[in-house]
Amino acid sequence: MKVLLPFHLNKVGAGFPSPATDCVEDDIDLNACLIKNVPSTFLIRVQGKSMNSIGIHDGDLLVVDRSLNPKNFSTVIANVNEELVVKTFIKEKDQSFLTSGSNRAEDKINLTESSEIFVWGVVTYTIHAL
Amino acid sequence: MRYSKNKIALVDCNSFYVSCERLFNPSIIRKPVIVLSSNDGCVISRSTEAKALDIKMGEPYFKVEKIVKKNDVKVFSSNYSLYGDISRRVMKTLKQFSPRIEIYSIDEAFLDLSSIKNEDLLECGNKIRKTVLKWTGIPTSIGIAVTKTLSKAANYVAKKEKSGIVNLINSKQIDEILSKININNVWGVGPQLTKFYIKNGIKTAYQLKNMHNSWIKKNTNVFGSRTVMELKGIPCTSLEIYQEKRKNCCVSRSFGRKVTKLEELDESITTHCLNAAEKIRSDNQTTKRITVFIRTSPFQKDKNYYANSKDIDLPIKTNDSIELVRQALIALRYIYREGYKYQKTGIILSKLNDSNIYKENLFSSINNEEKRKKLMKAIDYTNIKYGRQALSIAQAGLKKKWNIKKQHSSKIDTACFDFLPVVRIS
């Protein structure tokens, strides 16, 4: 078994001890923070146009969790016309839609029970290089 | 009785490699798809649609090329880094359901479900299938029974059921199901044993189950009688939760093109040695014997077929890359013949042992062993940190013209930052 022990870096000095040494913490682990469910979470890269309304841009990295169920206005990866694309999931009374973020009526894709169109996973974070 | 409390589920991924390729490529869902072996040589995974076109498992690609063209079958080179990552995800998901799991192969695992009540087993199995599909995108089939052999049999039948799950525990249909399974599809019955059983009139799993113990004991070995006991519902093998250390280590590769020159064979054999040595070092093992083998393509008509191998028993146990390469190249010179177009080379390290039983040896050709051990450690450390083959030995060649051909690779790797899957915004 591996036992992790806190590692105290400062020397034992004669002066006033740093009060921070009592709070030894690990470094921040971004994987642990951004990935809640390891086996179901995939990193996926965005290519093409940007989706300014939700702040996703060409080249961004998406953290996508397949184990989550989409809520109203979730950003999702969906299979539309035999291709994986980024969409916004809209839930109305008894119907769900996918949109590209505009209000145009033709932008609505009905999520029926058909197996041709389905939600692949829910985007939980986007990582954008500046 | 104690053994009747055993509940073992065999979870098997359906057309695993094809399912992995479909995960990021919805355009090939519901279409015939095949995946080829590491050198685009043979068919190693088929979608249901491809099976329906009568494309057989293990068939050389050139033999099915006509069917492929005629029916627009989608063809993929194997992409093992992707399959490996998806496999790890599937196994991690399965561990949620039972910590006692034996990972049997890249796409199969035995799960201990003994803590589940009999009446809840089917529901549990369905939940496992649903969760693995949702989390990883991989469809599975599940067979549940009191022994590993029976759970394999249950799984074999489950693959053909729409429900994808068969539970043989307290099932009245056990015999009916076993009588539908041909003897060659029983787990642990290989081609030789199949021939022998058929000769003796045993054609199904059901017939084998009803053979008398004394007949089996007299006519087969301990593994043969184990299989029969397990078919009768008496567990003889437990789950191997902790993976046993390997006893052999084989690394082989087919060439991307035919190779004739000794120097190029040297390069490939050296590369195999480095990979194998690194593998056994990571398991703290040493080897006592190295085998080198080479062969031409068995499917080429114009030239004679040539295949040969050479064993070298090492003077002392070792896992030293440089020593192994030296010995392998000596072995290669015994079997290399000019004028052949070689298609495949490989090496096998056998008689593996734990390396801490390291004895000084008068006949060792490695001078200064401590120094060399440190060098190997440094190589392994550097290669883990900076990627495979950051440090190698020059003999392995730099260009590796002979390297694998992968004409149809999807080039996606969910575990590698540079080859992540891509989505579009539309």
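How many salt bridges does a search of the whole structure find over all chains? The search finds 17 of them, where a salt bridge is a side-chain nitrogen of Lys or Arg within 4 Å of a carboxyl oxygen of Asp or Glu.

Before going further, a word on the ground rules. This is a predicted model, in which local features need pLDDT of at least 70, side-chain atom pairs count only at pLDDT 80 or more, and totals for chains, interfaces and linings use all residues. Residues are numbered from 1 along each chain as its sequence is written, chains are lettered from A and ligands numbered from 1 in the order in which they are written, and side-chain values use heavy atoms, with hydrogens and water left out.

## Where chain A meets chain B

Let us start with the interface. Chain A brings 34 residues to the contact and chain B brings 25 residues; contact here means heavy atoms within 4.5 Å. The size of an interface is often given as the accessible area lost when the parts come together. For chain A and chain B the buried area is about 2700 Å², and 56% of it lies on carbon and sulfur atoms. Buried area is the accessible area (1.4 Å probe) that two parts lose on being put together, summed over both.

Between chain A and chain B, 16 residue pairs are in polar contact, both residues being at pLDDT 80 or more. A polar contact is a pair of N or O atoms within 3.5 Å; within protein, one must be able to donate a hydrogen and the other to accept it, and residues adjacent in sequence count only if both atoms are side-chain atoms. On the side of chain A that touches chain B, at least two residues each come from strand 1 (41-48), strand 2 (61-65), strand 3 (75-80), strand 4 (83-92) and strand 7 (118-127) of chain A. Strand 1 of chain A gives the largest share, seven residues. Sorted by class, this side of chain A holds 17 nonpolar, 10 polar and seven charged residues. In this sorting, Ala, Val, Leu, Ile, Met, Phe, Trp, Tyr, Cys and Pro count as nonpolar, Asp, Glu, Lys and Arg as charged, and the others, Gly among them, as polar.

Two salt bridges cross the interface of chain A and chain B. One of them links A:E83 with B:R424. The backbone joins in as well: strand 4 of chain A and strand 14 (residues 422-425) of chain B run parallel and are joined by two bridges. Within that pairing, A:V86 has B:I425 as its bridge partner. Two strands pair if DSSP finds at least two bridges between them, while helices (H or I, at least four residues) and strands (E, at least two) are DSSP runs, numbered from the N terminus.

## Salt bridges in detail

Here are some of the salt bridges with their N to O distances.

| Residue | Partner | Closest N and O atoms |
|---|---|---|
| A:E83 | B:R424 | 2.6 Å |
| B:D112 | B:R100 | 2.8 Å |
| B:E108 | B:K152 | 2.5 Å |
| B:E176 | B:K180 | 3.9 Å |

What does the salt bridge between B:D112 and B:R100 tie together? B:D112 lies in strand 6 (residues 108-112) of chain B and B:R100 in the loop between helix 4 (80-95) and strand 5 (101-105) of chain B, so the pair ties together parts that are 12 residues apart in sequence. B:D112 is buried, at 15% relative accessible area, whereas B:R100 is partly exposed, at 40%. Buried means under 20% relative accessible area, exposed over 50%, and partly exposed in between (1.4 Å probe, protein chains only).

B:E108 and B:K152 form another salt bridge. B:E108 lies in strand 6 of chain B and B:K152 in helix 6 (residues 148-158) of chain B, so this pair ties together parts that are 44 residues apart in sequence. Both B:E108 and B:K152 are buried. In the pair of B:E176 and B:K180, B:E176 is partly exposed, at 46%, and B:K180 is exposed, at 60%. Elsewhere, B:D85, B:R88 and B:R89 are joined into one network by salt bridges that share partners.

## Inside chain B

Chain B has 14 helices and 14 strands, and 48% of its 426 residues are buried. Strand 10 (residues 285-296) of chain B makes a good stop on the tour. Strand 10 is joined by eight bridges to strand 11 (residues 307-318) of chain B, in antiparallel fashion, and pairs, also antiparallel, with strand 12 (residues 342-350) of chain B over eight bridges. B:V292 has B:K310 of strand 11 as a bridge partner and stands opposite B:I347 in strand 12.

Strand 10 also holds B:T296, which is buried at 0% relative accessibility. Leaving aside neighbours within four places in sequence, the contacts of B:T296 include B:N304, B:Y306 and B:Y342.
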